[in-house]
Amino acid sequence: LKGRSYPYIAFQILRKFLKDEMVENDLEAICSEIYDYPIPLERINENTVMAFLDRGPSASFKDFAARFMAKIMEFYNEKNKITTILVATSGDTGSAIGEAFKGIQGFQVIILYPDQEVSPIQRLQLERIGDNVKTLSIDGQFDDCQKLVKKAFLDTELSSLNLTSCNSINIGRIIPQIVYYFYITSNIKSINEPIIFSVPSGNFGNSLGCELAGRMGMPLEHIVIAVNENDEFPNFLSSGKFSPITPSRQCVSNAMNVGNPSNLARYFDLYGGHLLSNGIINKDPDLGSMRKNLWSTSISDSETLQMIKDTWINNGIILDPHGAVGLAALLRFRENKNKSQAVVLGTAHPGKFPETVEEVIGSDIIKPEVLKKIMGREANVYKLDSNYESFKSFLLQEK
């Protein structure tokens, strides 16, 4: 794959899953259409690279999966059928899904976000999508939004809405995220030495894409699962006991404010265990194998801000708070003298967090054109409490 374009690599990876489901020419055309933006790679030092996944339509890594899902679901959607997509977001997922599905016939999208836990720019994005996309500001936290969505899927009285999800509880969000790990690796490695990926993590879908890439043959040494002060997973790796954090802790890396990651259940399954949705371990995973492949640490807000400052001073690179968590976690991992080639994912454009980043670096951030374009739209948002009956009533009214 070395030297190949992103659309080519996407086609080669995704056809492994879809070759019996759709004509390959259709899949190839979709990959060529949607993956029309770059992944800049910038060196921090001789064995560390930042990979910026923030150049898509919503300035977030979520665009890679959201755009693919939108095109695939449009391709398969039955004529004259309306599918309702429910999306809980802690910041970036909602705008990525909303922008991807905006204007696509046969779909209505309902986005739920925690009113006090998104950045001002993220709020502006979420409230200015419009068309067939409706945004709900929930008086609660991300975990509350996620609970509302999951409960709706189990509610038989809502079956007529043809509900589905574009959160990472939908495997269709995970599979496209496998691709950029192969693309990045093929662009920085000349030989197949194992590589380390440090992944800023909230709901664990992004790192799960890396896990699956490794199982498909990508040379992988370790996944550093970088979390903010919601430290339920590093505590589990060290103790073998899992305790969800309720309510989740609010941090400057807000898209990672998750106290009970949905995709942790998939990790448990891959390692032979079973985790219930309420955080109770039904069957222990192979903790030894987990510890061999996964390493996790919690980065505080003060460490996050210091990482942004240091990277700006030393490298002239501006990180967003989530990428800063990823880099800080890798540096902590390196304290055991590991010098293997590593990649840290930059998952959102720093222009989405100007209040935080500009104060730290002492300079204005130039916002990407995609954000400027969105800001010019008219706002439209609905406000709800976190009571399920209120949410259910809204869904039935929108039918």
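Let's start in a loop: Asn-162 lies between helix H6 and strand E6. Its phi is near 50 degrees, a positive value in a residue other than glycine. Please keep in mind that this is a predicted model. From that loop, the tour below moves on to the sheet that E6 belongs to, then to a hairpin, the aromatic residues, a cis peptide bond and the spaces inside the structure.

**The parallel sheet**

- Strand E6 is one of five strands in an open sheet, whose order is E6-E3-E4-E5-E13 and whose pairing is parallel.
- Strands E6 (163-165) and E13 (382-385) stand at the edges with a single partner strand each, so one side of each has no neighbour in the sheet.
- From one strand to the next, the twist averages 30 degrees.
- Within this sheet, E4 (residues 107-114) and E5 (residues 133-139) are joined by six bridges in the parallel sense.
- If you would like a landmark for that pairing, look at Pro-114, which stands opposite Ile-138 in E5.

**Helices across the sheet**

- Helix H6 (residues 142-153), which you met at the start, lies across E3 (83-88), E4, E5 and E6.
- The direction of H6 is at about 155 degrees to E3.
- Helix H17 (residues 388-397) lies across E3, E4, E5 and E13, and it runs at about 145 degrees to E13.

**A hairpin**

- Strands E1 (residues 41-45) and E2 (residues 48-52) run antiparallel and are joined by four bridges.
- Two residues separate E1 from E2 in this hairpin.
- To find the pairing by eye, start at Leu-41, whose bridge partner in E2 is Ala-51.

**Aromatic rings and charges**

- With ring centres within 6.5 Å as the rule for a pair, the count comes to 18 aromatic pairs.
- One aromatic cluster brings together Tyr-6, Tyr-35, Tyr-37, Phe-64, Tyr-180, Tyr-181, Tyr-183 and Phe-197.
- Arg-4 lies over the face of Tyr-8, at 4.2 Å from the ring centre.
- Another charge over a ring is found at Arg-215, whose charged end sits 5.1 Å from the centre of the Tyr-271 ring.

**A cis peptide bond**

- Between Thr-246 and Pro-247 the peptide bond is cis, and its omega is near -5 degrees.
- Pro-247 belongs to the loop between helix H10 (232-239) and helix H11 (264-270).

**The largest pocket**

- The largest pocket holds about 370 Å³ of space.
- Its lining counts 19 residues, and those nearest the centre are Met-69, Ile-72, Met-73, Tyr-76 and Gly-172.
- At least two lining residues come from each of helix H1 (6-18), helix H3 (62-76) and helix H7 (171-174).
- Which helix gives the most to this lining? That is H3, with five residues.

**The cavity**

- One cavity of 30 Å³ or more is present in the structure.
- About 260 Å³ of space lies in the largest cavity.
- There are 24 residues in the lining of the largest cavity, with Phe-61, Lys-62, Gly-202, Asn-203 and Ala-255 nearest its centre.
- Helix H9 (residues 205-215) provides the largest share of that lining, three residues.

Definitions and conventions
Residues numbered from 1 in each chain as written. Predicted model: local features only at pLDDT ≥ 70, side-chain atom pairs only at ≥ 80, totals over all residues. Heavy atoms only, no water. Phe/Tyr/Trp six-rings, centres within 6.5 Å; stacked < 30°, edge-to-face > 60°. Lys NZ or Arg CZ within 6 Å of the ring centre and 35° of its normal. Pairing = 2+ DSSP bridges. Axes fitted to C-alpha atoms, helices over the stretch in contact; angles between N-to-C directions. Contact = heavy atoms within 4.5 Å. 1 Å grid on protein atoms, 1.4 Å probe; cavity = no way out; pocket = protein on both sides within 12 Å on 5 of 7 lines; lining within 4 Å. Points joined across faces, edges and corners; volume = space filled by probe spheres on them.
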